Amino acid sequence: MKKTNICLIVMLMALSGIVNAQVNYLFSASSKPYVPVTGGTSPHLETNFTGWEAADEGYANIPIGFTFKYNNENYTQANVCVNGFITLGATSLDIIFPSGAILNGYPYFKNNLTYSPPYNKRPVIAPFWDDLVLPDTSNLVYKTTGAAPFRVFTIEWKQAKWVYESLGPVLSIELKLYETSNIIEFHYKDEGTLPDPRFAFASIGITSAWANRDFISLQNTSANPTISLLKSNDSLTVKPANNQVYKFTPAPINIPQPLESTLKYTNKKVSFKLQSNGVNSFEYAVTQSPIPPTSGKLTSSQNVTVSSLLPSTTYYIYARSRSCSTNFSQWTCNSVKTAVNPVCLPYIEDFENVSDPTYFPDNMRQQDFNDTSYYFSPLYPAFSTTQIFSDAGNSIYNNYFTDFYDLNAWAFTLGFNLKAGKTYQLKFSYGSFWSYDPSDPASLEVKYGKACGAAGMTSGLLFTNADITNADNLLDTVISFTPGSSGVYYFGFHDKSLYQKAALIFDNISLVEDLGLRLAVINDDATSNAITVYPNPAHEMLNVQTIADEEGNAKVIVTDVSGRILLTEQMQLKEGINNFQVSVADLPPSFYFIKLVTENGTINKTIKFIKE
């Protein structure tokens, strides 16, 4: 009895917790007789395009009749759409830009729980979301029944065609919201007609209020369907069976906080932190399936590391809160694609070898905390590549909603074997792409660490610039650094641009050992054998100037970023100032290095130059 009381207290504490953006519902399926709504109200339906019929694309804002708590938020209004879904809240389904303009003609039959509807018109509760058509607007009805505090709000789509081309009624659908218990039920009746297989592709599930890609999506319409938290199935082609019921019940305890901010991963392991208000017992699982497991590994530790993973493989990381052995939250879930195996230097990435659908290098990884990708699709994440400047190749850029979101997105390199005490040079180019005003800046910082993920970027800040306004060309930068310990390191490029400002562009990432800092200079005179080069950048000829102590022979060596010798020219030095030229006309545009070696072995410090 004492144990039961403790469990009850924990449940009550969890149910009174703070608002949680994640979808914390437990799914179940059953069967019971379908009872049509009698005497309900048919709302006046509007469309956001004058050419569309209300019975095909109509929607309306309607009262629920009581306060319904959804994911710890209270709602008294719902927006119902003919196309088999509702959103919660008092705002209309009209899409209004910050300027006040209305987006006319948005297709609310676009039924992917990942990204639709746009512009924060969420949460979505979708018993059967597709391009439905009703025989008449009167076939959409709603009604609140029962007495407080156990009232039931029901919306019914009566005898709906499943897409316009259906030959007759395919199914009727009911959505029920229960007062106090806050349970959600989907109920189905088979109306006899089969769907048109050419166009019928439905979604069933629920989403969170604000975060895109946070949802529970049914993966099929069987008597006991599987669900996914990361794969939105918008291609259901079979209607649920007659009298089928799908139920979403609020979980009795808080779901763990999102794992994304604590994720660290390499080519063979992943680490994360488990946190949940008032909970200190968890289950977790790391699998290769987008379908949540039936159970996981029990732990009371917040910090979890899973090893022996495969490189360049997508893993799904699940965690849920646990209380009193039988009470669980919904799973929270993230996915990562482990890094490729680390490589040795030199390294260069010019973003020329990218392919559809991602247009992003296969060996790099991304992380987008604000989920701001223009496409709202895992196939097209925040960063992509295209030719920004006509006289250059591909550059990486952030394709996002500049009107609505601050940026908080990362692009991570593959791993590199670096040694403590050695100095390395990280080189890259960067710029901006403005939307409103050329003075609008983009913002970039570069960090490095021993794992991918923002949480893994702990070894140091290498670069920061919050005022990037060069939109006509890329600026080049070179950063020298020395790691404190040997190991595999990853580099993260963090886009911190603000909303309604510029999009970030960067390109030509290279990493080499800084050989110039290890070259011996025998003569103590700082000016002896030192060279200067100009112009820099150079086009055809590079002017070289040096000061020699004495006459003698020397040679000038030009190398690429990997240290490969491209040009060697013999020189006759005289005592004092020497000026000569090196032709670089045949070198392709890139970074290069030049050094001078005298006949007695004296080497000047390596100089970097750019060939245009």
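**Close-up views of a predicted model**

**View 1. Serine 429, a buried residue in a strand.** Serine 429 counts as buried because its relative accessibility is 1%, and buried means under 20%. The model shown here and in the other views is predicted. Serine 429 belongs to strand S31, which covers residues 424-433. Its side chain makes a polar contact with the side chain of aspartate 476, at 2.5 Å. Aspartate 476 also appears among the residues in contact with serine 429 once neighbours within four places in sequence are left aside. The others in that list are Leu474, Leu475, Ile505, Phe506, Asp507, Asn508 and Phe591.

**View 2. An open sheet of seven strands.** The strands follow the order S2-S3-S4-S7-S13-S14-S15, and their pairing is antiparallel. Strand S2 (59-70) and strand S15 (227-228) are the edge strands, each pairing on one side only. Within the sheet, strand S4 (residues 85-88) and strand S7 (residues 124-129) run antiparallel and are joined by two bridges. Across this pair, isoleucine 86 stands opposite isoleucine 125 in S7.

**View 3. Isoleucine 125 and the largest nonpolar core.** The largest nonpolar core has 52 residues. Isoleucine 125 is one of the residues with the most contacts inside this core, together with Ile155, Ile184 and Phe186. Strand S2 gives the core its largest share, six residues. A second, separate core has 35 residues, among them Phe416, Leu444, Val446 and Phe463. In soluble globular proteins, nonpolar side chains tend to be buried together.

**View 4. The surroundings of isoleucine 125.** With neighbours within four places in sequence left aside, isoleucine 125 is in contact with Tyr70, Phe85, Ile86, Leu88, Leu175, Leu177, Ile184, Phe186, Gly205 and Ile206. Of these, Ile86 is the residue that stands opposite isoleucine 125 in the pairing with S7. Ile184 and Phe186 are also named among the residues with the most contacts inside the largest core.

**View 5. An open sheet of three strands.** This sheet has the order S17-S18-S21 with antiparallel pairing. Its edge strands are strand S17 (264-265) and strand S21 (303-306), and each pairs on one side only. S17 pairs with strand S18 (residues 270-273) over two bridges, in the antiparallel sense. Tyrosine 265 stands opposite valine 270 in S18.

Terms used
Residues numbered from 1 in each chain as written. Predicted model: local features only at pLDDT ≥ 70, side-chain atom pairs only at ≥ 80, totals over all residues. Heavy atoms only, no water. Pairing = 2+ DSSP bridges. Helix = DSSP H or I, 4+ residues; strand = E, 2+ residues; numbered from the N terminus. Buried < 20%, exposed > 50% of the residue type's maximum accessible area, 1.4 Å probe, protein only. Polar contact = N/O pair within 3.5 Å; in protein donor to acceptor, adjacent residues only side chain to side chain. Contact = heavy atoms within 4.5 Å. Core = buried A, V, L, I, M, F, W, Y, C linked by side-chain atoms within 4.5 Å.
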